[in-house]
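Reader: Take me through aromatic ring pairing in this model, up close. Then work outward from there to the surroundings. Keep it short-winded and concrete.

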Amino acid sequence: MRNLVPPYDPQNLKPWVDVQTLFTLIRDQAEKPTWSRGVELSRRDAVTGELVREGEVQLKVVERDRGLSAKVMLYPQDEDWACDCSSSEDPCLHTVAAII
C-alpha cells in the first residue's frame with residue numbers, strides 16, 4: 001500500500017492483516033473485465049492508503065480520466081470489503097485496484 005498515513009505501524013499490522021486470503025476472495029468473485037480494469041487502475045498508481053487501524057484498511061481509488069474517486073474499506077479479518085461507488089458489481093473495479 002502506498003502513502004499510508006498514521007496510525008500505520010507495520011509492527012502492529014502483521015498480526016491481523018491476512019490480505020492474501022482477501023485478495024483470493026476478491027479475485028475469485030470479480031468478473032474478468034472488472035478485474036482487468038482494476039489491474040489497470042492499480043498500475044496507474046490510482047490507489048492511496050488513507051487509514052489503517054485494527055481490522056480495517058481504508059483506501060482512496062481515483063479514476064483520473066473520469067474525475068471520480070471512491071473510498072474502499074477492506075476488512076481482512078472478516079474477509080469482507082466495501083466501496084462507496086455506485087457500481088452494482090461486487091467486487092467493483094475500485095475494490096480490485098485497492099486489494100492489488
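Author: Start with the term. Rings of Phe, Tyr and Trp count as a pair if their centres lie within 6.5 Å, with the six-membered ring used for Trp. Planes under 30 degrees apart are called stacked, planes over 60 are edge-to-face, and the rest are tilted. A word of caution as well: this is a predicted model.

By that rule the structure has 1 aromatic pair. Its members are Phe23 and Trp35, with ring centres 5.5 Å apart. Their planes stand at 80°, so the geometry is edge-to-face. Phe23 belongs to helix α2, residues 19-29, and Trp35 to helix α3, residues 32-43. The pair therefore ties together parts that are 12 residues apart in sequence.

Now stay with Trp35. Is this residue buried or exposed? The cut-off for buried is under 20% relative accessible area. Trp35 comes in at 19%, so Trp35 counts as buried. Next, its contacts. Set aside the neighbours within four places in sequence, and Trp35 touches Phe23, Ile26, Arg27, Ala30, Val96 and Ile100. Phe23 on that list is the ring partner already described.

Trp35 also has a place in the largest nonpolar core. That core holds 20 residues. Those that touch the most other members are Leu22, Ile26, Trp35, Leu41, Leu59, Val61 and Leu74. Ile26 is thus named here and among the contacts of Trp35. Which elements build this core? At least two residues come from each of α2, α3, β1, β2, β3 (68-75) and α4 (93-99). Helix α4 gives the most, with 5 residues. As background, nonpolar side chains tend to be buried together in soluble globular proteins.

Arg27, another contact of Trp35, leads to the charged groups. The chain has 3 salt bridges. One joins the side chains of Arg27 and Asp28, at 3.5 Å from N to O. Arg27 is partly exposed, at 38% relative accessibility. Asp28 is exposed, with a relative accessible area of 55%.

Move on to the strands. β1 covers residues 47-53 and β2 covers residues 56-63. They pair in the antiparallel sense over 6 bridges. The two form a hairpin with 2 residues between them. Gly55 sits in that turn and has a positive phi of about 85°. Arg53 stands opposite Glu56 of β2. Their side chains also meet in a salt bridge, at 2.9 Å from N to O. Here the exposure is split. Arg53 is partly exposed, with a relative accessible area of 42%, whereas Glu56 is buried, at 11%.

Strand β2 holds a further acidic residue, Glu63. At 7% relative accessibility, Glu63 counts as buried. Which residues does Glu63 touch, not counting residues up to four places away in sequence? They are Leu41, Leu68, Leu93 and His94. Leu41 has been named before, as one of the core residues that touch the most other members. Glu63 has a salt bridge too. Its side chain meets that of Arg66, at 3.3 Å from N to O. Arg66 is exposed, with a relative accessible area of 55%.

The other strand pair is β3 with β4. Strand β4 spans residues 80-83, and 4 bridges join it to β3 in the antiparallel sense. Val72 has Cys83 of β4 as its bridge partner. β3 and β4 form a hairpin with 4 residues between them. Glu79 lies in the turn, with a positive phi of about 50°.

Finally, step back to the chain. There are 4 helices and 4 strands. Along the sequence the pattern reads α-α-α-β-β-β-β-α. Of the 100 residues, 40% are buried. Take the contacts between residues at least 6 apart in sequence: 53% of them join residues at least 24 apart. The chain exposes about 6000 Å², and carbon and sulfur atoms supply 44% of that area.

Terms used
Residues numbered from 1 in each chain as written. Predicted model: local features only at pLDDT ≥ 70, side-chain atom pairs only at ≥ 80, totals over all residues. Heavy atoms only, no water. Pairing = 2+ DSSP bridges. Buried < 20%, exposed > 50% of the residue type's maximum accessible area, 1.4 Å probe, protein only. Core = buried A, V, L, I, M, F, W, Y, C linked by side-chain atoms within 4.5 Å. Contact = heavy atoms within 4.5 Å. Areas by Shrake-Rupley, 256 points an atom, 1.4 Å probe, with all protein chains shown as cover. Salt bridge = Lys/Arg side-chain N within 4 Å of Asp/Glu carboxyl O.
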